Each structure stands twice: as structure tokens, then as C-alpha cells.
Amino acid sequence: MTALLPRLFRPDVLPLAELMALCLDGQLYRVGDSFATLDTPDSAALRAAAFASSAPSHVIADRGTAAWIHGARAAPSHRPQVCVDARSRGGRIPPEFDGRQTTLSRGDVQLIDEARVTSPARTALDLLCVDGRFSPDAAAQVLYLLDRAGVPVSSIKSRMRGSSRTNARRYLARADQLSARARSVLRPFSGPTRSRR
């Protein structure tokens with residue numbers, strides 16, 4: 001008779017010191033605040049399950065946490081980034097989460113495994129409109145998410161034009177930079193140039 005192992009191990013199953021030792025020994029790998037055996041494939045569903053194991057059911061993974069779940073970044077945010085829809089009467093967000101209220105449109109949220117997560121297109125929009133410096137790494141994440149959603153940068157720009165977000169002009173300038181970057185990345189390679197003799 002074989003015993004079934006859980007898909008994810010958390011410190012409530014084994015002490016964190018033992019989980020870290022198993023990770024160092026090459027028996028487990030880290031998935032957010034959880035751990036998985038090496039024969040468990042890394043996937044969006046596994047990352048979503050890791051998020052859901054420590055998050056209240058009424059919150060939605062967004063921004064950096066959603067980007068991690070969708071595979072746009074290698075590690076989750078230091079503090080899980082979540083939101084609640086401003087139109088819903090969800091519960092409060094615990095202080096260990098980087099939480100916010102936002103207005104979500106139809107199609108902005110999807111269910112992955114046990115977790116509600118902002119869609120790749122909505123996550124791209126949220127990352128584009130983050131305050132502070134817009135790093136090349138953030139730009140690469142946004143382009144990855146748009147590609148995954150099958151959405152061109154132009155559709156994000158048109159959605160932003162109808163937005164009431166503050167600093168919308170700055171975010172549109174970022175979208176223009178993304179358009180230029182996407183064109184340079186997708187420019188077909190014509191091969192080496194030959195000089196005529």
C-alpha cells in the first residue's frame with residue numbers, strides 16, 4: 001500500500017527547518033512559501049495552489065503575485081500582492097498582504113486551480129500602471145503577459161485612454177515605449193549584410 005504525498009508541503013506539515021534542509025538536499029524545490037517534490041511539474045496551477053494555501057478566499061492575486069503565477073517572473077513578491085473588487089463586499093485584507101481595492105471588469109479575473117488571479121492582460125495593465133520606476137524587467141514581464149493573453153500593446157493603450165487613473169499620461173508613455181520595444185524584439189532577422197564587390 002502506498003501513501004499519497006501532498007502536492008505541496010508547508011511549514012504546517014513539516015517544520016520550516018526540515019523543509020529547507022530537504023530543499024538543500026535536492027529533495028524539494030520552493031514554490032512561493034510552499035515546497036514541492038522534484039517530480040511535481042512547475043506550473044501555473046501549482047503556483048496558484050501555493051498562493052491559495054496561505055491567502056483568504058475572498059482576495060484575488062494581482063500585480064507581481066499574478067505575474068509569478070502566470071510565469072512572467074521567477075519569484076513571487078516579498079509580500080503577496082492582492083486585490084478585492086471595489087464593488088464586492090469582500091472581507092478585510094490581512095496586514096501581511098500588499099492589498100488594495102480596485103474596480104475589475106468582466107474577464108479581468110480567472111480561476112487557476114484554487115485561486116482567483118487577475119488575467120494576464122489585466123496583470124499587464126496593472127504592472128504598466130505601477131507607481132515608481134518602470135524597469136526593463138517590468139517591461140519584459142508586461143510584454144510576456146500580453147503575448148500570453150494574445151493582446152497587442154495597442155489594446156492596452158486604448159483601455160488606458162478610457163481610464164480615470166491618475167498619471168494616465170505617464171502610463172501611456174510607458175505603453176509607447178513597450179510598443180517600440182516589441183517592434184524591435186519582433187523585427188525579422190534579415191541575415192548578415194553582404195557587401196558588393
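Aspartate 126 is buried in this predicted model, because its relative accessible area is 4%, which falls under the 20% limit set for that class. The residue belongs to helix H4, which spans residues 120-128, and its side chain makes a polar contact, at 3.1 Å, with the side chain of arginine 100.

From this buried acidic residue one may turn to the nonpolar interior. The largest nonpolar core comprises 23 residues, and those with the most contacts inside it are Leu8, Val31, Phe51, Ile69 and Val117. At least two residues of this core are supplied by each of strand S1 (28-31), helix H2 (44-52), helix H3 (63-69), strand S4 (81-85) and strand S7 (115-118), while the largest share, 7 residues, comes from H2. Another core, of 21 residues, lies apart from this one and includes Ala72, Leu128, Val142 and Leu178.

Which residues does isoleucine 69 touch, if residues up to four places away in sequence are not counted? Its partners are Ala44, Arg47, Ala48, Phe51, Ala61, Ile112 and Val117, and of these Phe51 and Val117 are also named with Ile69 among the residues with the most contacts inside the largest core.

The partner Ile112 leads on to a pair of strands. Strand S6, residues 109-112, runs antiparallel to S7 and is joined to it by 4 bridges, with isoleucine 112 standing opposite alanine 115 in S7. The two strands form a hairpin that has 2 residues between them, and in that turn aspartate 113 has a positive phi of about 55°.

Key: Residues are numbered from 1 along each chain as its sequence is written. This is a predicted model: local features need pLDDT of at least 70, side-chain atom pairs count only at pLDDT 80 or more; totals for chains, interfaces and linings use all residues. Side-chain values use heavy atoms; hydrogens and water are left out. A nonpolar core is a set of buried Ala, Val, Leu, Ile, Met, Phe, Trp, Tyr and Cys residues joined through side-chain atoms within 4.5 Å. Buried means under 20% relative accessible area, exposed over 50%, partly exposed in between (1.4 Å probe, protein chains only). Contact means heavy atoms within 4.5 Å. Two strands pair if DSSP finds at least two bridges between them. A polar contact is a pair of N or O atoms within 3.5 Å; within protein, one must be able to donate a hydrogen and the other to accept it, and residues adjacent in sequence count only if both atoms are side-chain atoms.
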